[in-house]
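The following note sets out points for a colleague's attention. They concern internal spaces, the two sheets and an aromatic contact, in that order.

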Amino acid sequence: MSTATSEGHSEQPGRIMSGEIDEQPAVLRRILAEGAPRIREVAAAIAGRKPRFVLLTARGTSDNAALYAKYLLEIRLGLPCGLTSMSTTTAYGAKPDLTDVLVITISQSGGSPDLVASTRAAREAGAVTLAVTNNPDSPLAAVSECVDILAGPEKALPATKTYTASLLSLYLLVEGLRGGDGGPAHVLPGLVEEVLARRDEVRQLAARYRFAERMVITSRGYGYPTAKEAALKLMETSYIPALSYSGADLLHGPLAMVDNISPVIAVVTDGRGGEALQPVLDRLRGRGADLFVVGPKPQVEAASAGFVLPTEGVAEEVQPILEILPLQLLAYEVTIARGQDPDAPRALAKVTETR
């Protein structure tokens, strides 16, 4: 893997990342107004092929979006899904039979060589290939059908608006595959504006956690991709080691490292995922954990700290688009409080050229 250190610092630390976080309501509205017809068209064509299995291919932030899609496809459509191990084809030259398999490759830039090579190999192996990308003119889009997530240029190294744009586009795609119209998503832009308007709440929380030496982030169900993405954002901006676990996995050993010093962030989805996480929350409280909850008001009030999400009446499967917002802001605010620039994390490049 080759990487490059960014030299493009903004004049004001974090100005670019902050601005792109604030663009998210407009991006979501654009997808719903302009992108949805194309997504429905692509979904109808794929549904006509009747795929028997789905493989999801991605790296980094896009890999967390792929995990969200896996939950959607398995729960909403009953289609078995797997996350691709790209090196099986790019490094080992494996040639699986992918007849009647749908391969969805998610990439902000569409330029990483391993993603392009893996997708091309999948198409040659008989797969139906689809790129979900912010660059419809990319090499990736050239080797597959394409859904443009319409996020606009993203200049900050930490991905924010492309993540939520990918989630919404994937949700609309899955809804299209099942013949739905994606109605539950139409409430999102307004709710996203409400959440982002509460930045001062997050700034106060950042003051509480700026000196954290590590964090543990946990969730279950649809919230688990949010936990993984929040951990990635904290690590790549503030350099705080952040470990993400499914709540079920946390109980199988890692719970032993939880103490009353290092914060535990719990993403509590309002629905079955949150219900499944409840025994984990009880165990964490029993260990005296400094528990930070993102979720419904009753769960936040029972924790050490938290951020209440406006989830009443919001379908569980679209709540991840709201859940990540205060955690994007937390990563940003903690990084600023630590005197660092979240726009330009050290040793990172916007396009990571893995092969």
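**Notes on the predicted model**

1. The structure, which is a predicted model, holds one cavity of 30 Å³ or more. The space in this largest cavity comes to about 40 Å³. Two elements give two or more residues to its lining, namely helix H2 (24–49) and helix H7 (161–177). The largest share, three residues, is contributed by H7.

2. The residues that line the largest cavity are Ala36, Arg40, Leu172, Glu175, Gly176, Gly180, Asp181 and Gly182. By character, this lining divides into two nonpolar, three polar and three charged residues.

3. The second largest pocket contains about 260 Å³ of space. It is lined by 17 residues, of which Thr89, Ala94, Pro96, Leu98 and Ala121 are the closest to its centre. The lining divides into eight nonpolar, seven polar and two charged residues.

4. Which elements each supply at least two residues of the lining of the second largest pocket? They are strand E1 (53–57), helix H4 (87–90) and helix H5 (113–124). Of the elements, H5 gives the most to this lining, with four residues.

5. One open sheet consists of five strands in the order E2-E1-E3-E4-E5, and the pairing is parallel. Strand E2 (81–83) and strand E5 (145–148) are at the edges; each has a single partner strand, so one side of each is left without a neighbour in the sheet. On average, and with direction ignored, neighbouring strands of this sheet are turned by 20 degrees against each other.

6. Within that sheet, strand E3 (residues 101–107) and strand E4 (residues 128–133) run parallel and are joined by six bridges. As a point of reference for the register, Val103 stands opposite Thr129 in E4.

7. Both helices named for the cavity lining also lie against this sheet. H2 lies across E3, E4 and E5, and runs at about 150 degrees to E5. H7 likewise lies across E3, E4 and E5, but its quoted angle, about 160 degrees, is to E3.

8. A further open sheet has five strands in the order E7-E6-E8-E9-E10, with parallel pairing. Its edge strands are strand E7 (242–246) and strand E10 (305–308), each of which pairs on one side only. From one strand to the next, the twist averages 15 degrees.

9. In this second sheet, strand E6 (residues 215–219) pairs with E7 in the parallel sense over five bridges. Ile217 stands opposite Ser244 in E7. Helix H12 (residues 272–286) packs on the sheet and touches E6, strand E8 (263–267) and strand E9 (290–295). The direction of H12 makes about 160 degrees with that of E8.

10. A search of the whole structure finds three aromatic pairs. One of them is formed by Tyr71 and Tyr222: the ring centres are 6.2 Å apart and the planes are at 50 degrees, so the pair is tilted. This pair links distant parts of the chain, 151 residues apart. Tyr71 lies in helix H3 (residues 60–77), whereas Tyr222 lies in the loop between E6 and helix H10 (224–238).

Technical notes
Residues numbered from 1 in each chain as written. Predicted model: local features only at pLDDT ≥ 70, side-chain atom pairs only at ≥ 80, totals over all residues. Heavy atoms only, no water. 1 Å grid on protein atoms, 1.4 Å probe; cavity = no way out; pocket = protein on both sides within 12 Å on 5 of 7 lines; lining within 4 Å. Points joined across faces, edges and corners; volume = space filled by probe spheres on them. Nonpolar A, V, L, I, M, F, W, Y, C, P; charged D, E, K, R; others polar. Pairing = 2+ DSSP bridges. Axes fitted to C-alpha atoms, helices over the stretch in contact; angles between N-to-C directions. Contact = heavy atoms within 4.5 Å. Phe/Tyr/Trp six-rings, centres within 6.5 Å; stacked < 30°, edge-to-face > 60°.
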